[in-house]
Each structure stands twice: as structure tokens, then as C-alpha cells.
Amino acid sequence: MTSRTAATALSDRAVPDPALSDQALPGPVVPAADRRAAGFRFASYGRALTGHGLRARLDPARARSVGLATAARDLLADAGPGAVLVGMIPFAPDADPHLYIPDSVEAAPLRAAASSSVSASSTPNPLAGLAGAENPGYRDAVARAVERIGSGDLSKVVLARSLDAVAGRDWDAAAVWERLHRQNPAGHSFMVRLPDGSGTVVGNSPELVAGVRHGRLSSHPLAGSAARQEDPAADRATASTLARSAKDLAEHAFVVDHIRTALEPLCADLDVPAVPDLLPTGQLWHLGTLVRGTLHEGLNCLDAALAVHPTPAICGTPVGAARAAIAELEPEDRGFYGGLVGWMDADGAGEWALLLRSAVLTGPIARLHAGAGIVAGSDPEAEHRETATKFGTMLAGLGITGLDITGTGANA
Ligand SMILES: C=C(O[C@H]1C=CC=C(C(=O)O)[C@@H]1O)C(=O)O
């Protein structure tokens, strides 16, 4: 494993990879329609992509028989020029993806997108109850994972838990999306209606798994986190401590090593910085490494995303043992949490973000998920607190403020 001991300089870079920021999107552009009715919204790098209607759906049975990447390529080729594939891929490899080609795709600069009919300042939905803030089962699961790591089967595993926020009336997914985006415009804000219409997956991911433009690939894996502080001096001190934390650097190195091994065969050249940078979100500092390369001819953004997914930022090392540990230690199926969300065009350009800092909105219930990387020496109490901090992104997106679920006195 690569050792990274040097602390990196603080970076306040808002956009992980400026190379993707001027990405022109193809597809028919429709006038600003009612975005509330859209089945798909994805914002990043200065513009938002909105998918209306459904032209063709990727058949999960076909994906199982020919492979997901081939099924996606074929669907785009059949759909003809200008088509864009959008949607989500679940965490479990045998679960059905929700990928489709919308009837029309609107690609709008973010400023225009933000001034849509949806008002983020609309009256917050009153919270009627919160279930899962205190989760002793999660601490037990972390302790068992640490034991397993000690026995040598496993080096790292990401364990997640859920939290239900029940409101006085149905959640308004479009308003939640917009609030999330305004709070963290540097992240990838997404909103995808579930195929059976039962609800909407919404979130703001800080993590780009694969972004491709003109054959140039970027991936910005994150792992290793610390909660942001109100006081600026304390906040910078927290970031510096994170950049020097042996535990977090080890947790991060698993991810970078995995990405390098997975992407080297796909790329003509691959640049992997020796030390991580520091990425701030509204709630957390993360260690991140911006990996860049040139994809071999014929490969696309989804090929790259599927090659690295699931990284140890969401699963673990080795992948098989980590998947088994997750299945055994997490009480519920992850669904789309921990999967991929994004889009791709017929030229292979696109973006796939890790689907996290998210919730499934079903009527008045928002089910949030958050996980933390467990390595040798992880402390169950600290990991419980870290997941509570991670819930903070979605709680803020839901308009729930002034609530401390971290037990530290800080606002989540
Ligand atoms: C699993 C999550 O975060 C991952 C991404 C960044 C940093 C992480 C960490 O430091 O543990 C996690 O690996 C989550 O937000 O649910």
C-alpha cells in the first residue's frame, strides 16, 4: 500500500475538477418547463441537467444477460443522436438499475436553474418525529467489524445506518433538491423519481466516481472525514489535524490504491497525486485525491465508473469480504444508497457520482442513510458521531436545523 504521511496544503477549491466545468451537454433543450414534474435532476460544475418524461428504459434483464455497460451503450445507440442516459445504479450488484433515456433533456446554467419556480425558502415542513438518531446496534456492528479486521479477513469496511425524519406533510422533493444545491453548490445535487413512483431519491454527493469529457477521465475519491467547526480558526485546525491523521490517511489510501489498480488498465496515462487534498462540504472536511487519465479509445464514462465501483469509500477492502460483512452487519438493504447516480451521452461523456448524503422521500417519510469507513482502531462511538454528522447534509436539505444528533452540542 502507498504510504502518505505528508499533510497537504488546505484547498478551498469549490469545484473538484475545473476540467469538467464547461462541459457542453447534447440533447434537445426544452424551454424551462415545470421542473417539479421532472423525473431526474442532476447539478454540478455550473449547470443542471433535467430529464423530462421517459423515452426508453434500460431493461434490467438485458443488463443481467449482456452486462450493464453493454446494455447502456446499446440503448444510447438505438436512441440516436443527442440522447442522454440518466438514472441510478443500486449498491447491490444483483439489484435492478434504474437507467433510462428521457423524452427531453434540459441543460441549463446553474444560475438559471436556481431561479426556477421552486422556492427553497418555502415554509419548512414541520418535523413530527425522528427515528434512529440513537442507534446502539450500529455501535455493536462497528465493534464487530473492528474484531473482524483484527482477525485478518478484512482491512476496511464501510458500515451504514439509517435515520427516518417524519414530517407533518409530504416532503416536496424539488424544494429539498434546491435547498441541498444552494447549501452546497460544489457538490453533485441529484433527484431521481423511483421507477414505481413510490418516492424520490434526493441528495448532494461530494464524490465524483467518474467524469469524462473528450476522453479525459477524472475521479475524485473521498475517504477520511472530520466535522466542520463554527469558529474559522478551529475549522482550519480540524482540517490540518485530518490531513495528518494516520487513521484517516490509511482509510484514504485503501481507496486510492483501489482506484489506481482499477483504472490503470482502462487508461493510456493516469495521474495519481501522492498526497490527498482537503475537500470541504457544509458539514465535513474530507480527504480527497483527484485522479486523472486518458481513457483508451472506445471506453466511456460508465465503463470507468463500473470499473472502480464499489470503491472502499463505500464498501471496503477486499471487496468480497467487505460486501459479506455489510450484508451481515447492516440490518437493512441499502437500495440505491451507496450506488451511482448520473448521466452519460452517446459519445461516452458524462458524470457518475457516488450516491450518498441522500434520502428516499416517500410521502411524509424521509429515510436518510450515512456510513463511515471502519479500519483497525476505529472507535464505535466516534463512528456513530461521524455518521450523525453526515446525516447533517440531508437534515439541512430537509430544512431541519437547530437539532443536535451528534451528541457534541453542535448543530447537525
Ligand atoms: C459512506 C459515506 O461517506 C463516504 C465518503 C466520504 C468519506 C467517508 C468516510 O470518511 O468514512 C465515507 O467513506 C456516507 O456519507 O454515507
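Two strands are treated as paired if DSSP finds at least two bridges between them. The structure in the viewer is a predicted model.

Begin by selecting β14 together with strand β17 (residues 291-295): the two pair in the antiparallel sense over four bridges. Within this pair, Leu270 stands opposite Gly293 in β17.

Next, widen the selection to the open sheet of nine strands to which they belong, ordered β3-β5-β4-β19-β20-β11-β12-β17-β14 and with antiparallel pairing. Its edges are β3 (56-57) and β14 (267-271), each of which pairs on one side only. Add helix α8 (residues 301-308), which packs on this sheet and touches β11 (208-213), β12 (216-220), β17, β19 (340-345) and β20 (350-354). The direction of α8 makes about 160° with that of β11.

Then move to the open sheet formed by three strands in the order β13-β16-β15, where the pairing is again antiparallel. Here the edge strands are β13 (222-227) and β15 (277-280), and the twist averages 30° from one strand to the next. β13 pairs with strand β16 (residues 284-288) over four bridges in the antiparallel sense; Ser225 stands opposite His286 in β16. Helix α7 packs on this sheet, touching β13 and β16, at about 150° to the direction of β13.

Select α7 (residues 246-263) itself: its 18 residues reach 25 Å from first C-alpha to last, close to the expected 26 Å. Among its buried residues are Asp248, Glu251, His252, Phe254 and Leu263.

Finally, select residues 137-390, which an unreviewed UniProt entry lists as "domain: Chorismate-utilising enzyme C-terminal". The span is 34% helix and 35% strand, and its end C-alpha atoms lie 18 Å apart.

Methods:
Residues are numbered from 1 along each chain as its sequence is written. This is a predicted model: local features need pLDDT of at least 70, side-chain atom pairs count only at pLDDT 80 or more; totals for chains, interfaces and linings use all residues. The expected span of a helix is 1.5 Å times one less than its number of residues. A residue is buried if 20 or more other C-beta atoms lie within 10 Å of its own, exposed if 12 or fewer, and partly exposed in between; C-beta atoms are placed from the backbone. UniProt positions are given in the numbering used here, feature names are shortened, and annotations may be inferred rather than shown by experiment. Two residues are in contact if their C-beta atoms, placed from the backbone, lie within 7 Å. Axes are lines fitted to C-alpha atoms, for helices over the stretch in contact, and angles run from 0 to 180 degrees between N-to-C directions.
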